[in-house]
Protein chains: 2
Amino acid sequence: MADGRGTSSHSGENLLFLTDEQLRQAIEAMFFAYRGFTADPDRILVDMAYGRAHHRAIHFINRAPGTTVNNLLGLLGVTKQSLNRVLRTLIADGLVQSQVGKSDKRERHLHLTEAGRALEQTLSDAQRVRMRSAFREAGPEAVAGFRTVLETMMDPEMRHSYMRLKENGG
Amino acid sequence: MADGRGTSSHSGENLLFLTDEQLRQAIEAMFFAYRGFTADPDRILVDMAYGRAHHRAIHFINRAPGTTVNNLLGLLGVTKQSLNRVLRTLIADGLVQSQVGKSDKRERHLHLTEAGRALEQTLSDAQRVRMRSAFREAGPEAVAGFRTVLETMMDPEMRHSYMRLKENGG
DNA sequence: TTGGAAAGTCAACAACGCTGACGTAAACTT
DNA sequence: AAGTTTACGTCAGCGTTGTTGACTTTCCAA
């Protein structure tokens, strides 16, 4: 594992892309790219009283309208106290609407208001601009590879959530 | 931009991979994958008094031994006060060594100690395990695409830093 | 009817970003 | 030689976002 090679010896395939050095570079690429990935929405959010956590909540409520708090908790991977702080401000500011469940009145179903949808548009438009130009520059084959690797990198539960959202959205 | 298509009309190429929905899925993939990406080192760090910021500092000091504080600042993209808080504990704990510059005595050159290198190994081994299995599963072509997209996604300055590190490491 | 899940709240805390201000030493620039 | 800039460290204070722990209310289900 610390031998400078990704694996010992294999059935003749070229596994040079699995060397520690290659993996190290990929780790750095993830780090730098993620910085770029979040930079654009972050710039918008600083002006308002919001942060990245608000963006994430808004994103997933838009993506899965009517989702419950518990479900959102699973998607975001944070504690309910942490999410609650964010949701409270979003509801108070009229960006998110929380309605008691019909069949199960313990649950709260979350929806974006008109204003919430507007902010979501602004944020995701900003984020997509970078993505789109990167995708266009890299080309369809690179993009396919990109997504394949990201998907295999996720924890199984995250992959499951991701796939469900994917089916929903088309 | 909110028309459900990535672009309006083009010279006959298939640009379906640039639709808003495709980009939205990619954004979610980045989010979920990055969670996985940081999960393993994070688990190790909680036991010690360290966090992700310590990991990043250790990573880049290992990667660019003898780097100055200023240079590290640029790589990490944080303020010197933020970095200093992290460096102070790492130096106090004997993981990082800071030596006054020879030619320019204002500079501090940073190196990992034996203990620092040991921790770096532990952390990056943990992180590479996931990367390696994802890479192996996805295959070389997917990995190449993955890296291409990440690189085009970076801010130009970050890409520059990334490339310089790449040349250094081989 | 009682146990427990779901949701919300309060309090306290930690990691890690930020700004602003200040100090020191070394290195440049004029 | 004097003045300015650069590199670094540090203090103080603040904001976002994560955490635990404890506690209440609501309400479904056994």
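How many residues surround DNA strand D, and which are the closest? In this predicted model, where local features need pLDDT of at least 70, side-chain atom pairs count only at pLDDT 80 or more and totals for chains, interfaces and linings use all residues, residues are numbered from 1 along each chain as its sequence is written. Chains are lettered from A and ligands numbered from 1 in the order in which they are written, while side-chain values use heavy atoms, with hydrogens and water left out.

The answer to the opening question is that 24 residues surround DNA strand D, and that the closest are A:Gly51, A:Arg52, A:Arg56, A:Arg85 and B:Lys80; a residue is near a strand or molecule if one of its heavy atoms lies within 4 Å of it. Of the atoms of DNA strand D within 4 Å of the protein, 59% belong to sugar or phosphate, and the rest belong to bases. Three polar contacts may be followed here, a polar contact being a pair of N or O atoms within 3.5 Å (within protein, one must be able to donate a hydrogen and the other to accept it, and residues adjacent in sequence count only if both atoms are side-chain atoms). A polar side-chain atom of A:Arg56 lies 2.4 Å from a phosphate oxygen of DNA strand D, a polar backbone atom of B:Asn70 is 2.7 Å from a phosphate oxygen of this strand, and a backbone N or O atom of A:Gly51 lies 3.5 Å from a phosphate oxygen of the strand.

The surface near DNA strand D receives at least two residues from each of helix 2 (52–63) and helix 4 of chain A, and likewise from each of helix 3 (69–76) and helix 4 of chain B. Helices (H or I, at least four residues) and strands (E, at least two) are DSSP runs, numbered from the N terminus. By class, this surface has four nonpolar, nine polar and eleven charged residues, where Ala, Val, Leu, Ile, Met, Phe, Trp, Tyr, Cys and Pro count as nonpolar, Asp, Glu, Lys and Arg as charged, and the others, Gly among them, as polar.

One of the closest residues to DNA strand D, A:Arg85, lies in helix 4 of chain A. A:Arg85 counts as exposed, at 55% relative accessibility, where exposed means over 50% relative accessible area, buried under 20%, and partly exposed in between (1.4 Å probe, protein chains only). From A:Arg85 to A:Arg35 there are 50 residues in sequence and 25 Å in space, C-alpha to C-alpha.

We turn next to the other DNA strand. Of the 26 residues around DNA strand C, those that come nearest are A:Arg106, B:Arg52, B:Arg56, B:Thr79 and B:Arg85. Sugar and phosphate account for 57% of the atoms of DNA strand C that come within 4 Å of the protein. A backbone N or O atom of B:Arg52 lies 2.6 Å from a phosphate oxygen of DNA strand C, whereas a base oxygen of this strand has a polar side-chain atom of A:Lys80 at 2.7 Å, and a polar side-chain atom of B:Gln81 lies 2.9 Å from a base oxygen of the strand. Two or more residues of the surface near DNA strand C come from helix 3 (69–76) and helix 4 (80–92) of chain A, together with helix 2 (52–63) and helix 4 of chain B. The residues of this surface divide into four nonpolar, eleven polar and eleven charged.

Two further residues of chain B can be placed in the picture. B:Arg88 lies in helix 4 (residues 80–92) of chain B and is exposed, with a relative accessible area of 54%. B:Gly77, in the loop between helix 3 and helix 4 of chain B, counts as partly exposed at 48% relative accessibility.

What pattern does chain A follow when read along the sequence? Chain A has seven helices and three strands, and their order is α-α-β-α-α-β-β-α-α-α. The radius of gyration of chain A is 20 Å, well over the 15 Å that the globule rule gives for 170 residues, so chain A is more spread out than a compact globule; the radius is taken over C-alpha atoms, and the globule rule is 2.2 Å times the number of residues to the power 0.38. Buried residues make up 50% of the 170 residues in chain A. In helix 5 (residues 114–138) of chain A lies A:Glu137, which is exposed, with a relative accessible area of 62%.
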